[in-house]
Amino acid sequence: MKITARELNRSTLARQLLLRREKLGAAEAVRRVVALQAQQPASPYLALWNRTAAFDPTDLDAAFADGTVVKATLMRITLHAVHIDDYRPFREAVHPLLRSGRLGDRFTASGLTPADADVLVPELLAFADRPRGNAEYEAWLEQRVGTAPKSGAWWGLRHYTPLLHAPTAAPWSFGERPAYIAPPDPPAPPGPEASDAALRTMVLRYLEGFGPASVADIAQFGLVQRARVRKALGVLIDELDRYEGPDGEELFDVPGGARPDEDTAAPPRLMAMWDSTLLAYADRGRVIPHEYRTEVIRRNGDVLPTLLVDGHVAGVWRPVPGGIEATAFHGLPDRVWEELAEEARSLAALLSDREPEVYRRYGHWWNKLPTAASRLLPAG
């Protein structure tokens, strides 16, 4: 069966809870959408505000505090918020990536080797019995190896070791100075077979939240080798549905995955920075029109907060005094502006209690946007 590009878009929106807000608690919502990028502390909160009815940020605060939702270095060697049930398989699936990506030249330039890291990790996890900051870990490492290693040592170890980020500060649970703690049941470094088994679990979870998808899409989500993805799919193939994508590529999906009609209405949304929906595919044209990609995903990797209109990126937004400034990259009907204004009032109310000028440090990118129509969407 052939799937159109618009059908793929609607499948993504349905599984990412972006066709309508669902009545879900924070932890269950995170589980449903699989993973939320979390390098900016506010973004998981804004992501859930977009996806759940009557979102209460204290619900996510509590989930982070009790460990039902955890924040850690996972897919693409970047910070994600995931349900605790997904943490171990995701971590084991990307273990080879973390080993190669964080125990390479920068790490070994410190005088340590990957073998040294394997010895240090269990001791480091024992030391991480409570939240500790970078300075404490660096001091521990210096004492453990008997000299002051260069900066690459702790940089590599803090990503390679299965550490969680511990909540530290308001307004979004995590502050600018991270603290790390060991998981309740830290995963041991998996062997190749265990890592491949975990990857199969991650493939199924990815398809539940983002499918249908290609080998390239799955590989991009985890930043894992395509050969590993093909191997995983080869084992799972009898459990999966297969389709032909818009350009003839083979797509895979879990049976029963949401596949709304391509004409299903998609309400406007004000998406968080680095929203996973924009980044979880090799072909990001599923949600980001190709002509807007470089405006939204900046050269240094910053992914701006976007306007989602009819399921596709149509511009960007930022808080300003009095409300939300929305910048559209193309003309929008008055009806859409009215719907965006309603979203902006709700978002401004959420931000007013937490961080009214969220993402302010990224404001310099607005000076580099193309000429476009901007409107102030009032807070009240």
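Okay, let's start with one residue pair: Val69 stands opposite His83, and that His83 sits in strand β3. Keep in mind as I go that this is a predicted model.

So where does that pair belong? Val69 is part of β2, and β2 is joined to β3 by five bridges, with the two strands running antiparallel. If you follow the chain round the hairpin of β2 and β3, you pass five residues between the strands, and in that hairpin Arg76 takes a positive phi near 60°.

Now zoom out a bit. These strands sit in an open sheet of three, in the order β1-β3-β2, and the pairing is antiparallel. The edges are β1, residues 36–37, and β2, residues 69–73, and each of them pairs on one side only. On the β1 side, β1 and β3 pair over two bridges, again in the antiparallel sense, with β3 covering residues 79–83. If you want one contact point to look for there, find Gln37: its bridge partner in β3 is His80.

Here's something to ask about an edge strand: how many of the five residues of β2 are buried? Five of the five, so β2 is largely enclosed by the rest of the structure. And both faces are covered. On one side you have Val69, Lys71 and Thr73, on the other Val70 and Ala72, and they are all buried. There's a helix to look at here too: α4, residues 57–66, lies across β2 and β3 and runs at about 65° to β2.

Okay, next sheet. This one is also open, with three strands in the order β4-β6-β5 and antiparallel pairing. Why is one side of β4 and of β5 left without a neighbour in the sheet? Because β4 (132–133) and β5 (164–165) stand at the edges, and each has a single partner strand. Strand β6, residues 179–181, is joined to β5 by two bridges, and those two run antiparallel. To spot it on screen, look for Leu164, whose bridge partner in β6 is Ile181.

Let's move to the empty spaces. The structure holds one cavity of 30 Å³ or more, and the largest cavity has about 90 Å³ of space in it. Its lining includes Arg91, Glu92, His95 and Tyr160, and also a few prolines, among them Pro187 and Pro189. Sorted by class, that lining is seven nonpolar, one polar and two charged residues.

Then the pockets. The largest pocket comes out at about 630 Å³. It's lined by 26 residues, and the closest to its centre are Gln39, Gln40, Pro41, Glu176 and Arg361. By class you get 13 nonpolar, six polar and seven charged.

The second largest pocket has a volume of about 320 Å³. There are 18 lining residues here, with Leu8, Pro246, Asp247, Glu249 and Asp283 the closest to the centre. Which element gives the largest share of that lining? That's α1, with three residues. At least two residues each come from α1 (5–15), α12 (215–222) and β8 (250–253). The class split for this pocket is seven nonpolar, five polar and six charged.

One last residue before I sit down. Go to the loop between α15 (293–296) and β10 (306–309), and you'll find Arg298. Buried or exposed, this Arg298? Buried, with a relative accessible area of 12%. Leaving out residues up to four places away in sequence, Arg298 touches Leu304, Trp365, Lys368 and Leu369.

Note on methods. Residues are numbered from 1 along each chain as its sequence is written. This is a predicted model: local features need pLDDT of at least 70, side-chain atom pairs count only at pLDDT 80 or more; totals for chains, interfaces and linings use all residues. Side-chain values use heavy atoms; hydrogens and water are left out. Two strands pair if DSSP finds at least two bridges between them. Helices (H or I, at least four residues) and strands (E, at least two) are DSSP runs, numbered from the N terminus. Contact means heavy atoms within 4.5 Å. Axes are lines fitted to C-alpha atoms, for helices over the stretch in contact, and angles run from 0 to 180 degrees between N-to-C directions. On a 1 Å grid over the protein atoms alone, a cavity is a set of points where a 1.4 Å probe fits but cannot get out, and a pocket is an open set with protein on both sides within 12 Å along at least five of seven lines; lining residues have an atom within 4 Å of a point. Grid points are joined across faces, edges and corners, and a volume is the space filled by probe spheres set on the points. Ala, Val, Leu, Ile, Met, Phe, Trp, Tyr, Cys and Pro count as nonpolar, Asp, Glu, Lys and Arg as charged, and the others, Gly among them, as polar. Buried means under 20% relative accessible area, exposed over 50%, partly exposed in between (1.4 Å probe, protein chains only).
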